[in-house]
Amino acid sequence: SDVAINVLRVLSAATQPLSRLEISEAVNVDVFDVMEILESWFAFLQEFREGKEVKYQLFHHSFRFPLRRLA
């Protein structure tokens with residue numbers, strides 16, 4: 001979907017972990033849509049907890065470069 005591709009673009013461009021809210025604001029979609037996409041990609045993401053907030057980034061930084069070309 002276009003939303004999934006936009007989420008992928010945001011994650012591949014990010015240099016730091018992002019929260020669901022930060023991702024949803026960057027792609028201008030509902031946070032629940034972002035949550036659904038992140039759940040389906042869970043195997044490719046690292047999850048970080050900062051207090052009560054959960055942030056995500058691609059599992060390995062080397063994933064970013066090929067994904068940028070695809071997205």
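Start by selecting Arg49 in this predicted model. Arg49 counts as exposed, because its relative accessibility of 59% is over the 50% cut-off. Now add Glu47 to your selection: the side chains of Arg49 and Glu47 meet in a salt bridge, with N to O at 3.3 Å. Glu47 is partly exposed, at a relative accessible area of 33%.

**More salt bridges**

How many salt bridges does a search of the whole structure find? There are three, and you have just seen the one between Arg49 and Glu47. For another, select Glu50 and Lys55, whose closest N and O atoms are 3.6 Å apart. Keep Lys55 on screen and add Glu53: the side chains of Lys55 and Glu53 also form a salt bridge, at 4.0 Å from N to O. With Glu50, Glu53 and Lys55 displayed together, you are looking at a network of salt bridges.

Is Lys55 buried or exposed? Lys55 is buried, since its relative accessible area is 12% and the cut-off for buried is under 20%. Its partners are another matter: Glu50 is partly exposed at 45% relative accessibility, and Glu53 is partly exposed with 35%.

**The strand with Gln46**

Next, select strand β2, residues 45–50, and pick out Gln46 within this strand. Gln46 is partly exposed, with a relative accessible area of 26%. Then find Phe59 and draw a line between the two C-alpha atoms. Gln46 and Phe59 are 13 residues apart in sequence, and their C-alpha atoms are 4.9 Å apart in space.

**Stepping back**

Switch to a cartoon view and follow the chain. You should be able to find four helices and three strands. Starting from the N terminus, the elements run α-β-α-α-β-β-α. The chain has 71 residues, of which 30% count as buried.

**Into the core**

Now show the side chains of Val7, Leu11, Ile23, Val34, Leu38 and Leu45. These residues have the most contacts inside the largest nonpolar core, which has 15 residues. Which elements each supply at least two residues of this core? They are α1 (2–13), α2, α3 and β3 (53–58). Colour α1 to pick out the element that gives the most to this core, with four residues.

**A loop between two helices**

Move on to the loop between α2 (20–27) and α3 (31–40), and select Asn28 there. Here is something to look for in the backbone. Most residues other than glycine have a negative phi. Asn28 has a positive value, with phi near 60°. Asn28 is also exposed, with a relative accessible area of 71%.

Stay in the loop between α2 and α3 and select Asp30. Asp30 counts as partly exposed, at 41% relative accessibility. Which residues gather with Asp30 in a patch of negative charge on the surface? Add Asp33, Glu36 and Glu39, and you have the patch on screen.

**A last look**

To finish, show three of your stops together: the network of Glu50, Glu53 and Lys55, the patch of negative charge with Asp30, and the nonpolar core with Val7 and Leu11 among its residues. Turn the model slowly, and find the loop with Asn28 once more between α2 and α3.

Conventions
Residues numbered from 1 in each chain as written. Predicted model: local features only at pLDDT ≥ 70, side-chain atom pairs only at ≥ 80, totals over all residues. Heavy atoms only, no water. Buried < 20%, exposed > 50% of the residue type's maximum accessible area, 1.4 Å probe, protein only. Patch = residues over 30% accessible without salt bridge, like charges linked within 9 Å, V, L, I, M, F, W, Y side chains within 5 Å. Areas by Shrake-Rupley, 256 points an atom, 1.4 Å probe, with all protein chains shown as cover. Lys, Arg positive; Asp, Glu negative; His and termini not counted. Charge placed at Lys NZ, Arg CZ, Asp CG, Glu CD. Core = buried A, V, L, I, M, F, W, Y, C linked by side-chain atoms within 4.5 Å.
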